[in-house]
Amino acid sequence: MKINKKKFIYLISPNKIKRSFYRNLDEVLKSKKVSFFQLRLKNTSFEKKILIGKKIKKICKKHKTKFLINDDVLLAKYLNSDGCHLGQKDMKILEARKILKNKIIGITCHNSQVLAKLATKKKADYLAFGAFYASKTKKTKFKASPSLLKRITKITKTPIVAIGGINSYNYKKLLLNKANFLAISGYIWNNKKLKPTEAIKEFK
């Protein structure tokens with residue numbers, strides 16, 4: 001998987017998609033800072049996810065951003081997305097690989113070197129660690145420290161995604177500690193001071 005240092009943002013959708021979202025996403029992706037966009041929707045029907053996913057896929061394709069689906073391998077296959085992100089309680093990577101073939105599959109490793117080694121062995125395309133900071137987007141059971149990132153780079157060359165409460169004030173520390181991508185959601189979509197197009201500009 002290619003790593004473009006300028007495109008270090010792994011953007012995650014808000015929990016609810018409003019009409020204005022598509023226009024905002026189009027504008028945000030124009031920044032050329034986003035490598036991945038992940039559709040993460042809870043409490044939404046499969047049919048509605050398909051409708052939303054088709055619209056997002058077009059926008060991602062236009063801006064050459066990889067479009068990933070959270071948790072749902074079958075939805076990723078149906079939409080022919082670029083790949084899927086799996087948590088530890090989701091479908092096992094080897095099973096997902098049979099369905100998605102050579103698509104991107106990323107794995108949540110929380111704060112664990114053991115999970116990172118397992119995911120690397122099973123040929124995950126990237127490893128996600130966190131939460132590094134307090135997050136309002138998702139309840140976090142696991143805490144990770146920036147020093148963990150450097151330790152992970154010593155045991156694997158698989159790209160690393162850092163997640164959890166990342167904003168324009170704390171993001172540089174994670175990049176300095178060898179994170180390849182930063183997963184960001186709330187700071188872009190639920191920022192009370194900045195519009196999404198303004199918020200993305202804060203990551204330089």
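Helices (H or I, at least four residues) and strands (E, at least two) are DSSP runs, numbered from the N terminus. All the close-ups below come from a predicted model, where local features need pLDDT of at least 70 and side-chain atom pairs count only at pLDDT 80 or more, while totals for chains, interfaces and linings use all residues. Residues are numbered from 1 along each chain as its sequence is written, and side-chain values use heavy atoms, with hydrogens and water left out.

**Panel A. Lys 32 sits in the loop between α1 (20-29) and β2 with a positive phi.** The angle is about 60°, although Lys 32 is not a glycine. Is this lysine buried or exposed? With a relative accessibility of 64%, Lys 32 counts as exposed (buried means under 20% relative accessible area, exposed over 50%, partly exposed in between, with a 1.4 Å probe and protein chains only).

**Panel B. Lys 101 is another non-glycine residue with a positive phi.** Here phi is about 55°. Look for Lys 101 in the loop between α4 (93-100) and β5 (104-110). Lys 101 counts as exposed because its relative accessibility is 56%.

**Panel C. Gly 130 and Ala 131 are joined by a cis peptide bond.** Omega for this bond is about 15°. Ala 131 belongs to the loop between β6 (126-130) and α6.

**Panel D. Phe 8 and Tyr 171 make a stacked aromatic pair.** Searching the whole structure turns up 11 aromatic pairs (rings of Phe, Tyr and Trp, using its six-membered ring, pair if their centres lie within 6.5 Å; planes under 30 degrees apart are stacked, over 60 edge-to-face, and the rest tilted). In this one, Phe 8 and Tyr 171 are 5.9 Å apart centre to centre, with 5° between the planes. Phe 8 comes from the segment before β1 (9-12) and Tyr 171 from helix α7 (residues 171-176), so the pair ties together parts that are 163 residues apart in sequence. Phe 8 and Tyr 171 are both buried.

**Panel E. Tyr 10 and Phe 36 pair up at a tilt.** Their ring centres are 5.3 Å apart and the planes make an angle of 40°. Which elements does the pair connect? Tyr 10 is in strand β1 and Phe 36 in strand β2 (residues 34-39), so this contact ties together parts that are 26 residues apart in sequence. Like the rings of the previous panel, these deserve a burial check: Tyr 10 is buried, and Phe 36 is too.

**Panel F. Phe 8, Tyr 171, Tyr 187 and Phe 203 form an aromatic cluster.** Ring pairs provide the links between the members. Pick up Phe 8 and Tyr 171 again here as the stacked pair.

**Panel G. Glu 27 and Lys 30 form a salt bridge.** Side chains of opposite charge can pair when their charged atoms come close. Four salt bridges are counted (a side-chain nitrogen of Lys or Arg within 4 Å of a carboxyl oxygen of Asp or Glu). Between Glu 27 and Lys 30, the closest N and O atoms are 3.1 Å apart. Glu 27 is partly exposed at 35% relative accessible area, and Lys 30 is also partly exposed, at 43%.

**Panel H. Asp 71 and Lys 42 meet in a salt bridge.** The N to O distance is 2.9 Å. Distant parts of the chain are linked here, 29 residues apart: Asp 71 is in the loop between β3 (66-70) and α3 (73-79), and Lys 42 in the loop between β2 and α2 (46-62). Both ends are partly exposed, with Asp 71 at 27% and Lys 42 at 42%.

**Panel I. Arg 97 forms a salt bridge with Asp 125.** Their closest N and O atoms are 3.1 Å apart. This pair, too, links distant parts of the chain: Arg 97 is in helix α4 and Asp 125 in the loop between α5 (113-121) and β6, 28 residues apart. Asp 125 is partly exposed, with 23% relative accessible area.

**Panel J. Lys 5, Lys 150, Arg 151, Lys 154 and Lys 178 form a positive surface patch.** Patch residues have over 30% relative accessible area and no salt bridge, with like charges joined within 9 Å. Arg 151 lies in helix α6 (residues 146-155), and Lys 150 is found in helix α6 as well. Arg 151 is partly exposed at 38%, and so is Lys 150 at 40%. While you're there, check the backbone: the C-alpha atoms of Lys 150 and Ala 179 are 8.3 Å apart, with 29 residues separating them along the chain.

Note on methods:
Patches are made of residues with over 30% relative accessible area and no salt bridge: like charges are joined within 9 Å, nonpolar side chains (Val, Leu, Ile, Met, Phe, Trp, Tyr) within 5 Å. Accessible areas come from the Shrake-Rupley method with a 1.4 Å probe; for residues, only the protein chains shown count as cover. Lys and Arg count as positive and Asp and Glu as negative; His and the chain ends are not counted. The place of a charge is taken as NZ of Lys, CZ of Arg, CG of Asp or CD of Glu.
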